[in-house]
Amino acid sequence: MNAIGAPINRTDAWAKVSGQARYSAEHPVEGLTHAVLVTSTIPSGRVLRIDDSAARDVPGVLLVMTPQNAMRLPQETKDGKIQPPVGRRLTLLQEDDVYYNNQPIAVVVADTLEHARDAAARLRVEYEHKPAVLDFDVAKQSVHPPEKVLTEETDTRRGDLQAGLLAASKHVDAVYTTPIENHNPLETHATIAEWDGDKLTVHDSTQYMKGVQKILSAIFGIPQENVTSICPYVGGGFGSKGSVWSHVPLTAMAAKQLGRPVKLSLDRNQMFGPVGQRPVTEQRMRIGALDDGRMMASSHDTVAYTSVIEDWIEPTALMTRMMYESPNQETSHRLAPMNLGTPTFMRAPGEASGSFALESAMDELAYELGMDPVALRLKNYTEIDPGKELPFSSKSLRQCYEIGAERFGWKDRNPQPRSMRQGDKLVGWGMATCTYPTNRSAGQCSASLQPDGIALFRSSTQDLGTGTYTVMTQIAADALGVAVENVRFELGNSQMPEAPVSGGSTTVASVGPAVQAAGHALRLKLIGIAAADDGSPLFGALPDAVGVEQGELYLLADPSKRASMLEIATRHRQSHGEAVEVTAKAEPGDAPKKYSMHAFGAVFVEVQVDEALGEIRVPRVVGVYGVGKLMNEKTGYSQLMGGVVWGISLALFEETLIDKRNGRAVNGNLAEYHVPTNADIQEIDVQIVDEDDPHVNPLGAKGIGEIGITGVGAAIANAVYHATGKRVRDLPITLDKVL
């Protein structure tokens, strides 16, 4: 079978375009009530009193839940800090302290959404104000190290940095900054909660079905099997829906107190604070090199903000640790607490912001040396991860540079800044290296053959719009040996076999092997049933002697002796009264101890800058990637192109502006929080390098959801410098920074 890799259309496409696909706030539930989340208007202090008398006068109001009357949770789980970083420090109306502006402080429930909104607006909140840290320049005067950076050490050192810098003849020493950026998926966070005795069902927009189940179980002190989370479709997540935030248990608390199902959807401005964001980072890069371009030393030191209630780190220096040969290197991460909501994962956390600093510094070094930026990177190319001292499981970066430069026409670049024009526009060409780690977790999947001949595969994973339904269907079809149209893959229910969070570009690499294993196991079980059936053409056959073709099993030695899988399953059901079903698990082995696993790529960008107005346009981008084996050419290219679009957004548009007086996001809406539209995006040319990596997982697939954004911000900044002669080190690159 050859379903894997084929550019088949999405299996869920018709459900989405026809409106049959139900998102979390759209599920019909009898007796449903509507909730509105009320959030704080101060950044630090206490809620002294909430006057709800006017709110209760609104017709249809059913519940005003505040710190004064909210149900009490088990003491050991009242703050919800379970299994960090997926389990976060939550604010669940168990206390009256306020730690940031837009923090949940009440929930109003009514018979209609309009009544709930009206009542919520009538609450009168009296606060005790406390001093707040809202200026990053102030916050960074008092920093501390996180305990870990993901699974790695906070700081690293190899060789002698100072000796390496002294030995170098060319140097770069610069500071790069990235701003707060907020997730804005089309579907905001939404939850429906319904209790049946001590059993809880939630429809929640999430990137982690099992995480919702586990954390709600812990918060309410009930068995995991008593919690069912359901989410067949996610309207975008990008990291923000990887954690369980306060509104989810608050909705369940309201439903418990009220004794009726409750639905709560966050308003757009509530996406700014209580559900995470990419934090401000300040990154100092130092690089020293010899005249021939060989790097002698490098350092990458980051300060990022975290909240005052818990630590969360943007792992910006991880890319620097593994990207280039540098015998003397130091990296560090520090946190600056602020009275803002806790940061969280945002597409390529660490690599998106860290690659901006590293790859911008590499471009600056290339100019110091008078060297081509591609040649500089090739000069410091390494087949060994210098941070881990492990070989890469596969690395096609040389081919990415070569193919990308050829497709872009890089050889025609005049390296002199302000040397290229098109009409009245300054033209700049820039490039950068892309990378993202190849992550994998354990996953499980069940498979059964239904009476209608459909092979049903199930796993409690989620589809964020990336094509999980489709890709898993292709993997299942190939593994079992049937046509794609004879497979149905189901997900989005926590009662299905366990799957990990859809984050870190892990879903295909984690769930895919489990689906593959389930397909193989189901086929073997069918062969065993047929071999034991004296009425079957395959009676007595050993598994290795049986082939598969379009849903039929046959003897390799005599292909005329064959039986359909449906026939075998039907006879088994008739004789034994049970379906043919298996459950399989796939998990990482010891390969990560032997190899460093990453996807790699190179991105080339052209910008056009209006010399008089400073307006920046990106007419074309070429991205070439080595990402193992693509499971679906169409959805894969779409993912990579979407990442490039996000990289353009990071470089030129996105920035959350915080009012330093009260800690509120002043552009907390899609009218003023700028993201690209169709008119901002022009030609994106994505190419894939053929790459065979037997070490990353049985499918040879590397995650592609995040690598597309990496490097793009730096490539655009480098192109802007080439066009204008102005080096912009602070994102986003707006016209005032160019003029």
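Let me begin with Phe 238, which is partly exposed, with a relative accessible area of 33%; partly exposed here covers the range between buried, under 20% relative accessible area, and exposed, over 50%, using a 1.4 Å probe and protein chains only. Before going on, I should say that this is a predicted model, in which local features need pLDDT of at least 70 and side-chain atom pairs count only at pLDDT 80 or more, while totals for chains, interfaces and linings use all residues. Residues are numbered from 1 along each chain as its sequence is written, and side-chain values use heavy atoms, with hydrogens and water left out.

Phe 238 sits in the loop between β11 (227-230) and α7 (247-258), where helices (H or I, at least four residues) and strands (E, at least two) are DSSP runs numbered from the N terminus. Its phi is near 60 degrees, a positive value in a residue other than glycine. Most residues other than glycine have a negative phi, and most peptide bonds are trans. Arg 418 also has a positive phi, of about 65 degrees, although it is not a glycine; this residue belongs to the loop between α11 (397-408) and β18 (420-422), and at 38% relative accessibility it counts as partly exposed.

As for the peptide bonds, the one from Leu 731 to Pro 732 is cis, with omega near -5 degrees, and Pro 732 is placed in the loop between α17 (712-724) and α18 (735-738).

Now to Gln 462, in the loop between β21 (455-458) and α12 (468-480): is this residue buried or exposed? Gln 462 counts as buried because its relative accessibility is 1%. Its side chain makes a polar contact (a pair of N or O atoms within 3.5 Å; within protein, one must be able to donate a hydrogen and the other to accept it, and residues adjacent in sequence count only if both atoms are side-chain atoms) with the side chain of Ser 502, at 2.9 Å. The side chain of Gln 462 also reaches the backbone oxygen of Pro 500 at 3.2 Å.

Finally, the nonpolar cores, meaning sets of buried Ala, Val, Leu, Ile, Met, Phe, Trp, Tyr and Cys residues joined through side-chain atoms within 4.5 Å. The largest has 121 residues, and those with the most contacts inside it are Phe 220, Val 607, Ile 716 and Ile 733. Helix α9 (residues 351-369) supplies the largest share of this core, 9 residues. Apart from it lies another core, of 48 residues, among them Leu 449, Ile 527, Val 548 and Ala 586.
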